[in-house]
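Me: I should like to learn how helix packing and enclosed space are read in a structure. May we work through an example together?

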There are 6 protein chains.
Amino acid sequence: MATASLIEYEDASPEVRAVYDDIMQTREVDWINNFWKALANHPPTLRRTWESIKEVMAPGHIDPLTKEMLYIAVSITNHCRYCIHSHTAAARRAGMTDGMLGELIAVVGMANETNRLVEGYQVEVDEVFLANPDTPSA
Amino acid sequence: MATASLIEYEDASPEVRAVYDDIMQTREVDWINNFWKALANHPPTLRRTWESIKEVMAPGHIDPLTKEMLYIAVSITNHCRYCIHSHTAAARRAGMTDGMLGELIAVVGMANETNRLVEGYQVEVDEVFLANPDTPSA
Amino acid sequence: MATASLIEYEDASPEVRAVYDDIMQTREVDWINNFWKALANHPPTLRRTWESIKEVMAPGHIDPLTKEMLYIAVSITNHCRYCIHSHTAAARRAGMTDGMLGELIAVVGMANETNRLVEGYQVEVDEVFLANPDTPSA
Amino acid sequence: MATASLIEYEDASPEVRAVYDDIMQTREVDWINNFWKALANHPPTLRRTWESIKEVMAPGHIDPLTKEMLYIAVSITNHCRYCIHSHTAAARRAGMTDGMLGELIAVVGMANETNRLVEGYQVEVDEVFLANPDTPSA
Amino acid sequence: MATASLIEYEDASPEVRAVYDDIMQTREVDWINNFWKALANHPPTLRRTWESIKEVMAPGHIDPLTKEMLYIAVSITNHCRYCIHSHTAAARRAGMTDGMLGELIAVVGMANETNRLVEGYQVEVDEVFLANPDTPSA
Amino acid sequence: MATASLIEYEDASPEVRAVYDDIMQTREVDWINNFWKALANHPPTLRRTWESIKEVMAPGHIDPLTKEMLYIAVSITNHCRYCIHSHTAAARRAGMTDGMLGELIAVVGMANETNRLVEGYQVEVDEVFLANPDTPSA
């Protein structure tokens, strides 16, 4: 149960409908998932979030599938159940195979382990990693 | 300052040196970074972690650069300063450009925002995302 | 399902009942929510937590409604489902409107995004923020 | 040391300078703090983040000081050192007193404790909290 | 609902069955819990994780019950519901009493509170704690 | 640099000095570490936190050394640098050896890995773990 109602298309204001329409058109789907229906309780957040997502997830220097996998990695680390399910579905649509998902989860698990080994030993950053942040030779 | 000393190669036991040698050979480098020198305080953890990292980060269904970027995404979300620096350096060596780093950080920031919007509204997972976890059509 | 039973009033020891009575009287309600019934499995934690909550959430330099909203901000960031629901209910009783909840969640989402942008770029604290922590001119 | 250089005004592109100018004018300050100088490495993120922050932190149903305190609460919970320092300074400028800061930190600490007590006992949400999310009587 | 199917013994490959058999023999149980059935979707992760768990949780300088309680402390802090349930069950089998569980949760709650008080005040580490990390007199 | 000044004994109010005296007497030390000097900016938080810590960390069903190790496990998971240093020092005073510290960090690292494997696969809790939370046979 959400802390607010889900706003269906037929109950939505024109401002909300315009965002819903753009989501469906951009993603080439004919339905709206619960995330957006919940955000619609605060239309400025709905609009701003959709515009940001659309811009950030667009193809660029990183391809859309890799971006979806990065999204899953963050969502697993934050244990956001909804986000894991919705972005796993999106990544599969973008071509993620079972083998890729298995490796993605393994990397995320491993990174969480070594992140804590670093904390436990309070490892200091090597000078060489700090010396020249802009060059690939770092 | 670490909670334990860093173990240098010349002070290391044969067991630890064997791992250090494998790290340098596998990565084609001639030095050991602080992470491994700290883990060497507990040789079983040093060995087990290196063997796991070597296996998990090897090329497979996901290429090594994407794996490094997933590692950075987790480390940012966990705010592990050492890990961000060391894996950013590794990703740059593997070909990550400034443009890719900029987009990676943007995706990580965005994912952290929407993860919390989901929590704030307590959005329930759409049935369609749950229905058929094994198929790309989900 | 909890990892321990919920202790109902009629099954509670006099020590636990005394805390339950104080909760109901202080909050002017006639029931005990599950949080306290779970803590009652360890009466010292029940007593200590209630006394702390009563002191910390009392009106002071910050009003009770703002304190409830701070509580929600923390609970969203920690993704504590129970806490989000119980403190959203408490905040609504204290006067939080739908518009306020919408903005609160927007701020929490935004803060989580920028927190990770800071991590990603490993931004150093400006000297001016450190120079004079006690003065409003900082 | 950041993972990327800080972009100073004199080295910035016109696109970045336009954002810097708007930040200084909106906040009525004559300098740019490190956060924006780091984001300037990825101009789309700089622009998008500033526009979002400007919108989200503007006066609305919640006043700017309370919004800054919510930001601090999240940043403490995420242990983002930069964010704690910069938003504490901003909150002091907006009128936060020492007494208010003391109580704010007390609430954040308390909320983090009870969030984990809830986890430890795996407390289920009371039906009444779920029944009617939209009404203040919940 | 998991993001992948659970692999039952009768449907498992010989490689997976070998791990299942070792789990049941090592733990002296006659069933496999869901965690391993999920990992079996990626056999290298199943094998690697089981071998690591078997090594890390074995009796050593710290006894198995204390190790299980450390596991619970981490899982509560990460709010991993599955992990809290499974390791609470394991700790009870290893001798954890209700009184011990009550104190464990109290310590975890308290640590989460003081961790955030430290963040809120940005407390610097005392020199004496840094001076001599290897000696008990620190 | 803290967000507030550290209050030294000679500058402290009688209320704060009374807590400082009790800390030194209870712990049989002759100095006050920075944590308490920072909390002294808000005397009610100083008093309440000290009283809680004193009660929670006292010998009970769990011995003080194990409690300190649980504290470290939480602090590593929360990456609270101050807390890791101060509680590692306290645990060493209480008898923690290098071998124990090595195993503790290994368990914490492992638990953080498996917590995320659980999230990645969204593993559901086995019925048997939920059936009978109060009995050791669970």
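Reply: Let us begin with one helix pair, bearing in mind that this is a predicted model. Helices α4(D) and α6(D) are oblique to each other, because an angle that is neither roughly parallel, roughly antiparallel nor roughly perpendicular counts as oblique. In this case α4 (residues 64-77) and α6 (residues 98-121) of chain D pack at an angle of about 45°, and their axes lie 10 Å apart.

Me: What is the hand of the crossing where α4(D) passes α6(D)?

Reply: α4(D) passes α6(D) in a right-handed crossing.

Me: Which residues of α4(D) and α6(D) meet?

Reply: From α4(D) come L65(D), M69(D), I72(D), A73(D), I76(D) and T77(D), and they meet M100(D), L104(D), I105(D), V108(D) and N112(D) of α6(D). Sorted by class, the residues of this contact of α4(D) with α6(D) are 9 nonpolar, 2 polar and no charged.

Me: At what angle do the axes of α4 and α6 cross in chain A?

Reply: In chain A, the axes of α4 (residues 64-77) and α6 (residues 98-121) cross at roughly 45° and come within 10 Å. That angle makes α4(A) oblique to α6(A). Their crossing is right-handed. The contact involves residues of α4(A), including L65(A), M69(A) and I72(A), and residues of α6(A), including M100(A), L104(A) and I105(A). By class, the contact of α4(A) with α6(A) has 9 nonpolar, 2 polar and no charged residues.

Me: How should I read a pair of helices from two chains, such as α4 of chain E and α4 of chain F?

Reply: The reading again starts from the angle and the axes. Helix α4 (residues 64-77) of chain E and helix α4 (residues 64-77) of chain F pack at about 35°, with their axes 9 Å apart. The crossing of α4(E) and α4(F) is right-handed. T66, M69, L70, A73, V74 and T77 make the contact, from α4(E) and from α4(F). This contact of α4(E) with α4(F) has 8 nonpolar, 4 polar and no charged residues.

Me: How is empty space found, and how many cavities of 30 Å³ or more are there in the whole structure?

Reply: Rolling a probe the size of a water molecule over the atoms shows where empty space is left. Here, a search of the whole structure finds 7 cavities of 30 Å³ or more. The largest cavity holds about 240 Å³ of space.

Me: Which residues lie closest to the centre of the largest cavity?

Reply: Of the 24 residues that line the largest cavity, R116(B), H79(C), R116(C), R116(D) and R116(E) are the closest to its centre. By class, the lining of the largest cavity has no nonpolar, 18 polar and 6 charged residues.

How values were computed
Residues are numbered from 1 along each chain as its sequence is written. Chains are lettered from A and ligands numbered from 1 in the order in which they are written. This is a predicted model: local features need pLDDT of at least 70, side-chain atom pairs count only at pLDDT 80 or more; totals for chains, interfaces and linings use all residues. Side-chain values use heavy atoms; hydrogens and water are left out. Axes are lines fitted to C-alpha atoms, for helices over the stretch in contact, and angles run from 0 to 180 degrees between N-to-C directions. Helices (H or I, at least four residues) and strands (E, at least two) are DSSP runs, numbered from the N terminus. Angles under 35 degrees count as roughly parallel, over 145 as roughly antiparallel, 65 to 115 as roughly perpendicular and the rest as oblique. A crossing is left-handed if the near helix is turned anticlockwise from the far one by less than a right angle, and right-handed if clockwise. Contact means heavy atoms within 4.5 Å. Ala, Val, Leu, Ile, Met, Phe, Trp, Tyr, Cys and Pro count as nonpolar, Asp, Glu, Lys and Arg as charged, and the others, Gly among them, as polar. On a 1 Å grid over the protein atoms alone, a cavity is a set of points where a 1.4 Å probe fits but cannot get out, and a pocket is an open set with protein on both sides within 12 Å along at least five of seven lines; lining residues have an atom within 4 Å of a point. Grid points are joined across faces, edges and corners, and a volume is the space filled by probe spheres set on the points.
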